[in-house]
Amino acid sequence: MALTKEQIAQRIALEIKDGYYINLGIGIPTLIANYIPDDVHVTLHSENGLLGMGPFPSDENVDADLINAGKQTVTVLPDGAFFDSSMSFAMIRGGHIDLTVLGAFEVSEAGDIASWKIPGKMIKGMGGAMDLVAAADNIIVAMQHTNRAGESKLLKKCTLPLTGANCIKKIVTDLALLELDERGFVLKERAPGVSVDHIQKSTEGNLIIEGEIPEMKL
């Protein structure tokens with residue numbers, strides 16, 4: 001059974017280590033803030049000038065003045081800080097972000113990512129994604145494995161304008177957890193109830209299957 005968006009976020013939260021400074025992109029990545037384990041202490045960063053975000057607010061605690069880079073209302077922890085976007089991007093470009101999680105339209109077997117533009121469609125813009133993929137060493141992509149037509153989004157080569165080239169090392173989709181190396185997509189875990197054969201058929205790029213593939217633990 002394919003993972004929900006919340007379950008994708010929940011699985012990625014297991015990759016987070018204590019003390020990390022983390023940037024969460026728009027879409028599925030923002031949900032990760034709700035699944036960070038209680039015994040793991042991290043600092044969430046947003047390009048619009050916010051350090052120390054908490055979980056999404058409940059309806060009665062919404063503050064319209066507190067938003068992330070995707071214009072979603074957020075909460076701020078007691079030790080949070082506010083600053084201008086130039087300082088925020090200096091943190092990114094200076095290599096001070098330990099983990100970046102981004103959504104994507106497409107990822108290629110070479111580790112290229114297309115995440116910001118679909119020609120002919122209105123898109124908010126690239127935001128800080130290009131800076132993040134250029135400066136970060138640890139990037140996880142959260143995405144759907146296929147599009148609405150059932151076509152793979154894990155490709156031999158991206159068809160959309162790139163956000164970054166040869167920069168993605170790990171992907172969590174609704175079907176699987178995969179890592180990338182010089183061979184292509186290496187299948188590490190499968191969603192509960194999802195067969196390796198189904199993942200194979202849903203992946204256009206080169207899929208590497210080594211031994212028994214365990215089910216994902218959430």
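Mentor: Strands in what follows are DSSP runs of E, at least two residues long, numbered from the N terminus. The model is predicted.

Trainee: Which strand gives the most to the lining of the second largest pocket?

Mentor: Start with how empty space is found. Rolling a probe the size of a water molecule over the atoms shows where empty space is left. In this model the second largest pocket holds about 280 Å³ of space. Its lining is made of 17 residues, and those closest to the centre are Val 42, Thr 43, Met 53, Gly 54 and Leu 77. Strand S3 contributes the most to that lining, with 3 residues. At least two lining residues come from each of S2 (43-46), S3 and S4.

Trainee: In what order do the strands form the open sheet?

Mentor: The order is S4-S3-S2-S1-S5-S8-S10-S11-S12-S13, which makes 10 strands with mixed pairing. S4 (76-82) and S13 (207-208) are the edge strands, each paired on one side only.

Trainee: How many bridges join S2 to S3?

Mentor: There are 2 bridges, and S2 and S3 run antiparallel. These two strands form a hairpin with 3 residues between them, and Gly 49 in its turn has a positive phi of about 105°. Across the pair, His 45 stands opposite Leu 51 of S3.

Trainee: What is the bridge partner of Leu 51 in S4?

Mentor: Leu 51 is bridged to Ala 81 there. S3 (residues 50-53) pairs with S4 in the antiparallel sense over 3 bridges. For the mixed character, look at S1 (residues 21-24), which runs parallel to S2 and is joined to S2 by 3 bridges. Within that pairing, Ile 22 has Leu 44 in S2 as its bridge partner. One general point helps when inspecting such pairs. In a regular strand the side chains alternate between the two faces of the sheet.

Trainee: Which strands does helix H1 lie across?

Mentor: For a helix on a sheet, read the crossing angle and then the residues that make the packing. H1 (residues 5-13) lies across S5 (99-103), S8 (139-142), S10, S11 (176-181) and S12 (184-190), and runs at about 165° to S8. The buried residues of H1 are Ile 8, Ala 9, Arg 11, Ile 12 and Ala 13. They pack against S5, S8, S10, S11 and S12.

Trainee: Does Thr 163 count as buried or exposed, and why?

Mentor: The cut-off for buried is under 20% relative accessible area. Thr 163 has 7% relative accessibility, so this residue counts as buried. Thr 163 sits in the loop between S9 (154-155) and S10 (170-172). Neighbours within four places in sequence left aside, its contacts are Ile 113, Ala 114, Ser 115, Trp 116, Ala 129, Met 130 and Val 133. With Ser 115 there is also a polar contact between the two side chains, at 2.7 Å.

Trainee: Where does Gln 200 lie?

Mentor: Gln 200 is in helix H4 (residues 196-201). Partly exposed covers the range between the buried limit and over 50%. Gln 200 is partly exposed because its relative accessible area is 34%.

Trainee: With which residues is Gln 200 in contact, leaving aside its neighbours within four places in sequence?

Mentor: They are Leu 207 and Ile 209. As a backbone reference, the C-alpha atoms of Gln 200 and Leu 187 are separated by 9.4 Å, with the two residues 13 apart along the chain.

Definitions and conventions. Residues are numbered from 1 along each chain as its sequence is written. This is a predicted model: local features need pLDDT of at least 70, side-chain atom pairs count only at pLDDT 80 or more; totals for chains, interfaces and linings use all residues. Side-chain values use heavy atoms; hydrogens and water are left out. Helices (H or I, at least four residues) and strands (E, at least two) are DSSP runs, numbered from the N terminus. Buried means under 20% relative accessible area, exposed over 50%, partly exposed in between (1.4 Å probe, protein chains only). A polar contact is a pair of N or O atoms within 3.5 Å; within protein, one must be able to donate a hydrogen and the other to accept it, and residues adjacent in sequence count only if both atoms are side-chain atoms. Contact means heavy atoms within 4.5 Å. Two strands pair if DSSP finds at least two bridges between them. Axes are lines fitted to C-alpha atoms, for helices over the stretch in contact, and angles run from 0 to 180 degrees between N-to-C directions. On a 1 Å grid over the protein atoms alone, a cavity is a set of points where a 1.4 Å probe fits but cannot get out, and a pocket is an open set with protein on both sides within 12 Å along at least five of seven lines; lining residues have an atom within 4 Å of a point. Grid points are joined across faces, edges and corners, and a volume is the space filled by probe spheres set on the points.
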